[in-house]
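Please open the model in a viewer and keep the sequence panel visible. The stops below are meant to be taken in order.

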Amino acid sequence: MDAIFSKTRRAGYPNDITTWGQLGLKGAWANKPVSVFGRNSASGTYGFFKEHALAKGDYKDTVKEQPGSASVVQGVSEDPYAIGYSGIGYRTSGVRAVPLAAKAGGNPVEPTYANALSKKYPLSRYLYIYVVRDPRRPADPLVREFLKFVLSREGQEIVVKDGFLRCPPAW
C-alpha cells in the first residue's frame with residue numbers, strides 16, 4: 001500500500017508502484033497506470049491511513065483526494081484501474097475490499113468483522129463517540145439516553161444496516 005500511495009515509501013518497499021504489472025497483473029493490465037483515490041487531509045481516515053499504511057510518509061501528488069469515503073468508492077467503481085481506501089461501511093457492489101498482509105510475504109487477511117475485531121486485519125480501527133461534560137456533574141439525561149440507544153440492540157442493528165461493524169458484544 002505504501003508503494004502505491006506514498007512518495008516517500010517509509011514502510012521499506014524499494015520501488016515506486018505506478019502500474020498494475022508491478023503488482024503482478026499480466027496481459028492488457030500490465031502497463032495500465034494505477035489510478036489512486038484517497039481522502040482529504042481533514043479526514044480521520046486520511047490520518048489513520050497515513051500513519052498505519054504509509055508509516056507516516058507523504059502521499060503521492062497523484063492521489064485523487066476526495067471529500068468523503070463515498071466519493072472514494074464512487075471514483076474507484078467508475079475507473080477500472082483504480083484503487084482507494086475508505087471505511088468498510090462505504091463498500092458497494094461496484095468495489096471489492098482487499099485482503100491485506102501486515103508485512104511483505106505475510107498471509108493476506110480478509111477484511112471481516114472477526115478479523116477487524118481481533119486486529120488481524122492490519123487496517124482496522126475503532127471509531128469513538130466523545131462526550132464533553134463536567135466530571136463533577138451527572139451526565140445530561142438526553143446524552144445518557146442517546147448513548148444507551150447507540151449501544152442497544154436496536155442502535156447496533158442500525159449500525160450494521162448502514163454497513164458498519166457493530167460494537168463487540170461485551171460492550
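The tour goes from the whole chain to a helix, then to a single strand residue, and ends at a pair of helices.

**The whole chain**

Begin with the entire protein in cartoon representation, bearing in mind that this is a predicted model. Colouring by secondary structure should bring out 6 helices and 3 strands. Followed along the sequence, these elements are arranged as α-β-α-β-α-β-α-α-α. Oriented along the principal axes, the C-alpha atoms occupy a box of roughly 60 × 30 × 30 Å. Of the 171 residues, 29% are buried. Where contacts link residues at least 6 apart in sequence, 52% of them connect residues at least 24 apart.

**Helix 2**

Next, select residues 44-52, which form helix 2. Which residues of helix 2 are buried? They are Thr45, Tyr46, Phe48 and Phe49. Turn the view to look down the axis of helix 2: the buried residues lie within an arc of 165°, so they line one face of the helix. As general background, an α-helix has 3.6 residues a turn, so residues three or four places apart point the same way.

Now display what lies over those buried residues: the cover includes helix 1 (2-5), strand 1 (35-39) and strand 2 (64-66). Before leaving, zoom in on the start of helix 2, where a side-chain oxygen of Ser43 comes to within 2.9 Å of the backbone nitrogen of Thr45.

**Ser35 in strand 1**

Strand 1, part of the cover of helix 2, holds the next selection, Ser35. Is Ser35 buried or exposed? Its relative accessibility is 9%, below the 20% limit, and therefore Ser35 counts as buried. Show side chains here to find the polar contact between Ser35 and the side chain of Lys64, at 2.7 Å. Apart from neighbours within four places in sequence, the residues in contact with Ser35 are Lys64, Asp79, Tyr81, Ala82 and Ile83.

**Helices 5 and 6**

Finally, select residues 141-151 for helix 5 and residues 153-161 for helix 6. Their axes are 4 Å apart and the packing angle is about 60°; helix 5 and helix 6 are therefore oblique to each other. To display the contact, show Phe149, Val150 and Leu151 on the helix 5 side, together with Arg153, Glu154, Gly155, Gln156 and Ile158 on the helix 6 side. Coloured by class, this contact has 4 nonpolar, 2 polar and 2 charged residues.

Notes. Residues numbered from 1 in each chain as written. Predicted model: local features only at pLDDT ≥ 70, side-chain atom pairs only at ≥ 80, totals over all residues. Heavy atoms only, no water. Buried < 20%, exposed > 50% of the residue type's maximum accessible area, 1.4 Å probe, protein only. Helix = DSSP H or I, 4+ residues; strand = E, 2+ residues; numbered from the N terminus. Arc of directions from axis to C-beta. Contact = heavy atoms within 4.5 Å. Polar contact = N/O pair within 3.5 Å; in protein donor to acceptor, adjacent residues only side chain to side chain. Axes fitted to C-alpha atoms, helices over the stretch in contact; angles between N-to-C directions. Parallel < 35°, antiparallel > 145°, perpendicular 65-115°, else oblique. Nonpolar A, V, L, I, M, F, W, Y, C, P; charged D, E, K, R; others polar.
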